[in-house]
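Me: Could you take a close look at the sheet in this protein and talk me through how it's put together? I'd like to hear how the strands pair up and what packs against them, then a little about the rest of the chain.

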Amino acid sequence: MNEIQQVVQDTLNSTIFGGTGVWFLIGAALVFFMQAGFAMVETGFTRAKNAGNIIMKNLMDFCIGTVVFTLLGFGLLLGEDTLFGLVGIPNMDIFTNFNNFPWHNFVFNMVFCATTATIVSGAMAERTKFVSYCVYSAVISCVVYPIEAHWIWGGGWLAQLGFLDFAGSTAIHMVGGCAALIGAIILGPRIGKYGKNGKVNAIPGHSLTLGALGVFILWFGWYGFNGAAAGNTDYLGQIFLTTTIAPAVATCATMLFTWIKNGKPDVSMSLNGSLAGLVAITAPCADVDALGAAIIGLVAGIIVVIAVEFIDIKLKIDDPVGAVAVHMVNGMWGTIAVGLFATGYGQDGYYTNDGSGVLGLFYGGGFHTLGIQLLGMVSVLAWTVVTMVIFFQIIKHTIGLRVTKDEEMQGLDITEHGLISSYADFMPAVISNASLDAKMEANVTGEVPVTQAVPVQLAGKFSAGAEDGLKITKIDIIFKQSRLEALKEEMDKLGITGMTVSQVLGCGAQKGKAEYYRGVALESNLLPKMKVEIVVCKVPVQDVVDAAIKALYTGHIGDGKIFIYDVEDVVKVRTGETGYDAMQDVE
């Protein structure tokens, strides 16, 4: 490459990459978009009655965080003057010297700060006061995160020692996961999560579809999360490669591990496996090769399952989304992985004989890098534990941390936000008291004029068809969904065309084969079934039963059941007719 080409290349790199490059800001935008991913994962893994509350918390994490980070947090993180490498000294240049303010750096660090705060939302979901959560969000964005991030990225004492956390396994994920753990412990479990005898009850989330969407959004955003600080195209390509391999291997490992362990691959745990691999590769993404990334992902995919079940089943700490296992545990693993798998050829410096650069234990670097990584991890962990225990206890004993039992049972959407439902299509149709007293006109449909309609008659005393000696019987049939058409054909042969068909969930007395949700056995396995309700009078009941058995019988467990009831009477609403006459459609 001649001198002119080199100048052109350097100009392009400085325009696209680096702390003031275009890609730096595009990466920041991708990290911001990850807020949507966190919102979807947390919403999907929790119950529908709290969906609006979860969305609101994720929204306010970023908005409150922006305000306090602007006022104080950025100065503590990247202030030009520092206090012994422990904390930056705020100078408020964003207000007093805006023209010379590092705008790119502020935006980049702001979106990372918001990510740290939002990790906690999932672990404390479904029982935290909204106002208390807002206070927590302000505290972690204003003080807790900026100070420890200064140690690592702001020229602080850990950076001076050579501690490496390229994109935030420690500074963001471990800190957020640790805060989540402390918050979940102080807050306590959701009502019904643990029985008096220590039994662990699974509380499945209401939408794995939303959870999966969130994981895909997060994975997409992670390319900016890890890659935004790439120094050039080559380093960016390396980061993209490791950021792809690790979560892919982790997901496969989680799927196979849960498949072997529980007999079936666990969907929600596999989604956690993807995130675990992404968290674990965050610190070493710029300094490991493909083999290292694969091993990091393999370990992450297994330990996330072990950690989720250990925290839930053994420690009895209620973490609805697995935030602690994904972020804290795998943030720690990713931090350690740098000291094990750094190749010495990454963006953080080539390894030379004088000891410069980064070289992991398994690549001949000895324990030097690993020791620094362990020291940094323990130091940041201690800072987070001490500060978050203090702040959560202050919140608990002042404004209160947890909602009341009644509020938790009703759901935080209605009690905290006045939101009847986050899903409008499922909102109940409510008739106000005023409408009950108003005179209402009949809503007539079809081609029959009102003047020709059959006059309404009062039903009088129910006669059960006694005058003509006919007995009315209701038959309920519950069966496999696949046999519906066969049953309809058999009923048509008997001349029965009137039936009510419903989709239901149920199980037999044996409660079905044991299934697992995130490693916890479900109390009962509710299977999808069909329910057909038929009312007969002149058609013999035995004929209906025989026809149903003919249509539904396969000889396997779960063919279905038939329930037969005596009906006292039938009343046709429009005409007031009773008994056999009320069951006829022809006027």
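**The four-stranded sheet and its surroundings**

Reply: Let's start with E3 and E7, which run antiparallel and are joined by 7 bridges. Keep in mind as we go that this is a predicted model. If you want to find these strands on screen, E3 covers 473-479 and E7 covers residues 527-536. Two neighbouring positions show how the pair lines up: isoleucine 477 has valine 532 of E7 as its bridge partner, while isoleucine 478 is bridged to lysine 531 of E7.

E3 has another partner too. It pairs with E8 in the antiparallel sense, again over 7 bridges. One spot to click on is phenylalanine 479, which stands opposite glycine 560 in E8. E3 is also mostly covered, with 5 of its 7 residues buried.

As for what holds such pairs together, strands of a sheet pair through backbone hydrogen bonds, and they can do so either parallel or antiparallel.

Now step back to the whole thing. It's an open sheet of 4 strands in the order E4-E7-E3-E8, and the pairing is antiparallel. Strand E4 (500-506) and strand E8 (560-566) sit at the edges; each has a single partner strand, so one side of each has no neighbour in the sheet. From one strand to the next, the twist averages 25 degrees.

That leaves the pairing at the E4 edge. E4 and E7 pair in the antiparallel sense over 7 bridges. Valine 504 is matched with lysine 529 of E7, and glutamine 503 has methionine 530 of E7 as its bridge partner.

So what packs on the sheet? One helix to look for is H18 (residues 484-493), which touches E3, E4 and E7 and whose direction makes about 10 degrees with that of E7. Helix H19 (residues 541-552) packs on the sheet as well; H19 touches E3, E7 and E8, and its direction makes about 10 degrees with that of E3.

H18 is worth a slower look. Its buried residues are Leu484, Leu487, Glu490 and Met491. Seen down the axis of H18, these fall within an arc of 130 degrees, so they line one face of the helix. The cover over those buried residues includes E3, E4, E7 and H19. Turn to the face of H18 pointing away from the buried side and you'll find the exposed residues Glu489 and Lys493. After H18 comes glycine 495, with a positive phi near 85 degrees.

Elsewhere in the chain, try the pair of helices H9 (residues 208-227) and H11 (residues 267-282). They pack at an angle of about 10 degrees, with their axes 10 Å apart. That angle makes H9 roughly parallel to H11. On the H9 side, the contact residues include Leu208, Val215, Trp219, Trp222 and Phe225; among those on H11 are Val267, Leu271, Leu275, Leu278 and Ile281. The contact residues of the two helices divide into 13 nonpolar, 5 polar and no charged.

One more stop is glycine 122, in helix H5 (residues 103-123). Glycine 122 is buried, with a relative accessible area of 0%. Its C-alpha is 6.5 Å from that of proline 320, although 198 residues separate the two along the chain. Leaving aside neighbours within four places in sequence, glycine 122 is in contact with Glu42, Asp319, Pro320 and Val321.

And the chain overall? The secondary structure comes to 20 helices and 8 strands. Of the 587 residues, 47% count as buried. Among contacts between residues at least 6 apart in sequence, 76% join residues at least 24 apart.

How values were computed: Residues numbered from 1 in each chain as written. Predicted model: local features only at pLDDT ≥ 70, side-chain atom pairs only at ≥ 80, totals over all residues. Heavy atoms only, no water. Axes fitted to C-alpha atoms, helices over the stretch in contact; angles between N-to-C directions. Parallel < 35°, antiparallel > 145°, perpendicular 65-115°, else oblique. Contact = heavy atoms within 4.5 Å. Nonpolar A, V, L, I, M, F, W, Y, C, P; charged D, E, K, R; others polar. Pairing = 2+ DSSP bridges. Buried < 20%, exposed > 50% of the residue type's maximum accessible area, 1.4 Å probe, protein only. Arc of directions from axis to C-beta.
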